[in-house]
Amino acid sequence: MSESIANAPEPMAVVAPDTTSNPTIQATHAPQVEDQDDSMSEDDKPLMKKQAANGGNKNKKRIGGDSSSEDDKPLSKKPRVSKGTANKKRRVVDSDSDSDESEAGPSVKKETQPTPKTNGTSKPRSSTSRKPPTSPAQSESDLSEDEKPLAKRASAKTNGNGNGKPASRTKAKPAKKEPSDDEESLSEQSSASSSEDDKPLAKKKAAAKPRQSTSSTKSASTSTAAKKKVKAEPKSEDSDDDDDVPLAKGKAKTTTAKDKKPVVKKEKKVKEEEDDEEKYKWWEQEAEGDGEVKWTTFEHNAVLFPPPYIPLPKNVKMKYDGVALTLPPESEEVAGFFGAMIETDHAQDAKFRENFFKDFKAVLDKYPPKENVKVKSLDKCDFKPMFEHFEREKEKKKAMTKDEKKAIKEAKDKLEAPYLFCVVDGRKEKVGNFRAEPPGLFRGRGEHPKKGTLKHRLRPEDIIINIGKDATEPIPNIPGKWKGVQHDNTVTWLAHWKENVNGNAKYVFLSAGSSWKGQSDRAKFEKARELIKHVDKIRKDYTEDLKSKVMADRQRATALYFIDRLALRAGNEKGEDEADTVGCCSLRYEHVTLSPPNTVVFDFLGKDSMRFFQEVKVDAQVFKNIKLFKAEPKQKGDDLFDRLSTTLLNKHLNSMMPGLTAKVFRTYNASWTFQKQLKNTPKNGTVAEKIAAYNTANREVAILCNHQKSVSKNYEGSKAKHEDKIRALKYQRMKLRLQLFSLDPKMKKKQPELAEDESDMDEDFIERHETELLEKALDNAQKKHEKDNIKLEEEGSKKKDKKELDERLKEIKDEFKELKKERKSKKVEPRRGATEEKLIEQIGKMDERIATAKVQLGDREKLKDVALGTSKINYIDPRITVAWAKKYDVPLEKLFSKTLREKFPWAEAEANKGWIF
DNA sequence: AAGTAGACTTAGTAGAAGCAAA
DNA sequence: TTTGCTTCTACTAAGTCTACTT
């Protein structure tokens, strides 16, 4: 198992940071974990990192253990007065002690085996268990760790996701209802009383707070349908308001405050339009509107429907039981959806096939083949002719001339042009997904019960558009009328429909680079920064609550601990007809295993069915709590936190800080970790080295957030290639070395390090390699000869004859014979012009190249299953990147792609090199 | 209190676009 | 040029979270 963690000396060093209880620590907000030096072997770290690393860790201060010490038995002791609950007597969670015992039995045993089960179940992706991240804090250590990993990882790995669907996936209701003895009391009381006392606290507070920032406010005004509609009016007055508004000047910091403004304002910003072309710099404006009204005028063309289905050529037909079927376009289209995928994994997936076939049959019933054939089995359907046709079409397309391609592109651009932009309050803004989703087969991820289901073609009748009252109503590009047209200026979508597969809502919004998205993005990061100010207190509180006598509070505290330390998602409840994935609040009994003394093993499928597998050392109290939460009557299938829901959790969070929700912790921890990791940037490194440090930091964050990608199927192959390349370099180095020794045998003594043979340079490889080289050389000579002749011919000169070529080939062969001798003798004659100095220099260069190649190889390995993009796009405050780029003088375009730069113009404008998160 | 609708953010991946090596 | 990747975008699924209903 993950040794790394396990070995860590202090219990939690890794994870548990700490902090929490200690008030003194301040500056360190983060989850950081201490740097546990030990776990990281220094050697592993790349050079630059090393240096950097030791620099910055001031966090050492973090005290780690204290909390644990505390936890002792406290239950009784700590009267959780704070909440008033105490008196109430909400139950008592009983002591840990007892619970311990009882639990010991069952849970301990089985859980203890930390070992992961291996089995596959899970996703198709690489089952690698990604090494988990470990707490953010741990990151540093982690770094080093990764290097080793391969092996280690392997051990850890395994995948089994263990998620067998629980026999009873019932939400633990049972437990709830009939709690065990202990629990009972707990539950009952808590529920009853709690409602009164306990919550009050929270609620009150919450209520009191004014909602602010973008997020909320809706409450007030909204009232169903009517609600929305008429909100736009206010604008005029407001505009003035703007000016008055005193606050918010300092953007960065103050911003949050500003949001409060209750007033609805919308301003149609001044100057009309010269700035038409310019982009609207909303971040330079004074406090913007509040959260309620989003626009005053809104013009757009809604969605672009895809072209109608074009039947396949008559000769392309699917076959059923050997018979070619002539399908009407309606059913042929559906057959084609599957036919195009027959080489993908989906087509092999039982559920996918089942769902597809059910829908396909229904379509066939309505639009049967001309040949009176009843299609009864998918296995007898042969889509290959269709598949091959599609492949041919692809080829054709690829083979088109540049001009043809260009013409097609132009036509497409022209068609799409009207949809690219919309006009909001007189400003031009880019629309995001204006193309109506084409029909196809639903590609649900993981074990989605609906995967393979037919997704219908959208018609105007399916779509509701949202547009300004005075705007001209767009006309659909295919026949039909919109399902509805509304003018709700409290929302930002242009069009909306309900998709038939899951009944989910789909929307057309503006692009990521739009002002609306930019503003809310910025607000998100500001919220996360605000958390910095509260996090110490929050941690202290939940640490305290870990011992609460009120079960609900205790669970909430424990959940929060995980959310904060492990960056888990909130974990809303999900329905039966969705993939069985969980987040923190929805963790079930089987997802968490205990391994004494204080390790908790998480193994579950999270969002997108990505496996989260991690062994974590936790505070003793947390360990006890989990034991308690898994105690007796509970079993596989039951909720771990049966008294907690995301709503409850968020209500509590909101009471600690307005606007705070579970997801803010992810943003905060990600950005915080990133900023901290960037301290490892080599001050005097090359740009490439700096970027490498940046990427390493990015990677830490990605690991923290469990952002994965499937390893490409040619990964192994390409890795082997790279390894061969390295060996080829080593081969060259060897030749240089041997020449040197021929020149001056004394060098062996003088520089003993040169006398050592290159690693993995066995005779076998050398022979193979030389053969390859020979072949290549011969081939090249041949080609050169041909080429030269063509040229000579064109010039009208006379061609070289074959003899010449043969001679040349012979020469080459002779040279290689030389090599063979050298191989045997291990001696290499110095090549012409070789001198000791030159050779030494060349060897040095070769060493460098080898080292670089090795580093590259290692980097690729480390990144093969980690996705950096998601955290860059969604979790890392872009201002950190901008500031870093300025500070270290790295061009921003090396860090942000074009679309990212379009998404974060505000960050570029706002952050200077001293900016900190 | 629990379930649902609604709106918006976050997620991995397929395929297009770029780019470097052959 | 063509090939063989790597990188970037587009796409759309899958979350979060609030407000509304029942």
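# Helix packing and the DNA surface around H23

User: Is the crossing in which H23 passes H24 left-handed or right-handed?
Analyst: The model is a predicted one. In this model, the crossing in which H23 passes H24 is right-handed.

User: How are helix H23 and helix H24 oriented relative to each other, roughly parallel or roughly antiparallel?
Analyst: Helix H23 spans residues 662-677 and helix H24 spans residues 687-704. Their axes come within 9 Å and cross at roughly 150°. An angle over 145 degrees falls in the antiparallel class. Therefore H23 and H24 are roughly antiparallel.

User: Which residues of H24 make the contact with H23?
Analyst: On the side of H23, the contact is made by Asn669, Ala670, Thr673, Phe674 and Gln677. The residues of this contact divide into six nonpolar, four polar and one charged. On the side of H24, the contributors are Tyr694, Ala697, Asn698, Glu700, Val701 and Leu704.

User: How are H20 and H23 oriented, roughly parallel or roughly antiparallel?
Analyst: Helix H20, residues 551-566, packs with H23 at an angle of about 30°, and the axes are 8 Å apart. Angles under 35 degrees count as parallel in the rough sense. Therefore H20 and H23 are roughly parallel.

User: Which residues of H23 are met by H20?
Analyst: H20 passes H23 in a right-handed crossing. From H20, the residues involved are Leu560, Ile563 and Asp564. The contact comprises four nonpolar residues, one polar and one charged. The partners in H23 are Ala662, Phe665 and Asn669.

User: Which helices each supply at least two residues of the surface near DNA strand C?
Analyst: DNA strand C is surrounded by 31 residues, and the closest are Arg435, Lys506, Lys574, Arg860 and Thr899. The residues of this surface divide into four nonpolar, 13 polar and 14 charged. At least two residues of the surface come from each of H23 and helix H33 (898-903).

User: What percentage of the atoms of DNA strand C within 4 Å of the protein belong to sugar or phosphate?
Analyst: Atoms of DNA strand C within 4 Å of the protein fall into two groups, those of sugar or phosphate and those of bases. The bases account for the rest once sugar or phosphate is counted, and the share of sugar or phosphate is 91%.

User: At what distance does a polar side-chain atom of Lys574 lie from a phosphate oxygen of DNA strand C?
Analyst: Side-chain N or O atoms of other lysines also face phosphate oxygens of DNA strand C, including Lys455 at 3.2 Å and Lys721 at 3.0 Å. For Lys574, the distance from its polar side-chain atom to a phosphate oxygen of the strand is 2.5 Å.

How values were computed. Residues are numbered from 1 along each chain as its sequence is written. Chains are lettered from A and ligands numbered from 1 in the order in which they are written. This is a predicted model: local features need pLDDT of at least 70, side-chain atom pairs count only at pLDDT 80 or more; totals for chains, interfaces and linings use all residues. Side-chain values use heavy atoms; hydrogens and water are left out. Axes are lines fitted to C-alpha atoms, for helices over the stretch in contact, and angles run from 0 to 180 degrees between N-to-C directions. Helices (H or I, at least four residues) and strands (E, at least two) are DSSP runs, numbered from the N terminus. Angles under 35 degrees count as roughly parallel, over 145 as roughly antiparallel, 65 to 115 as roughly perpendicular and the rest as oblique. A crossing is left-handed if the near helix is turned anticlockwise from the far one by less than a right angle, and right-handed if clockwise. Contact means heavy atoms within 4.5 Å. Ala, Val, Leu, Ile, Met, Phe, Trp, Tyr, Cys and Pro count as nonpolar, Asp, Glu, Lys and Arg as charged, and the others, Gly among them, as polar. A residue is near a molecule or strand if one of its heavy atoms lies within 4 Å of it. A polar contact is a pair of N or O atoms within 3.5 Å; within protein, one must be able to donate a hydrogen and the other to accept it, and residues adjacent in sequence count only if both atoms are side-chain atoms.
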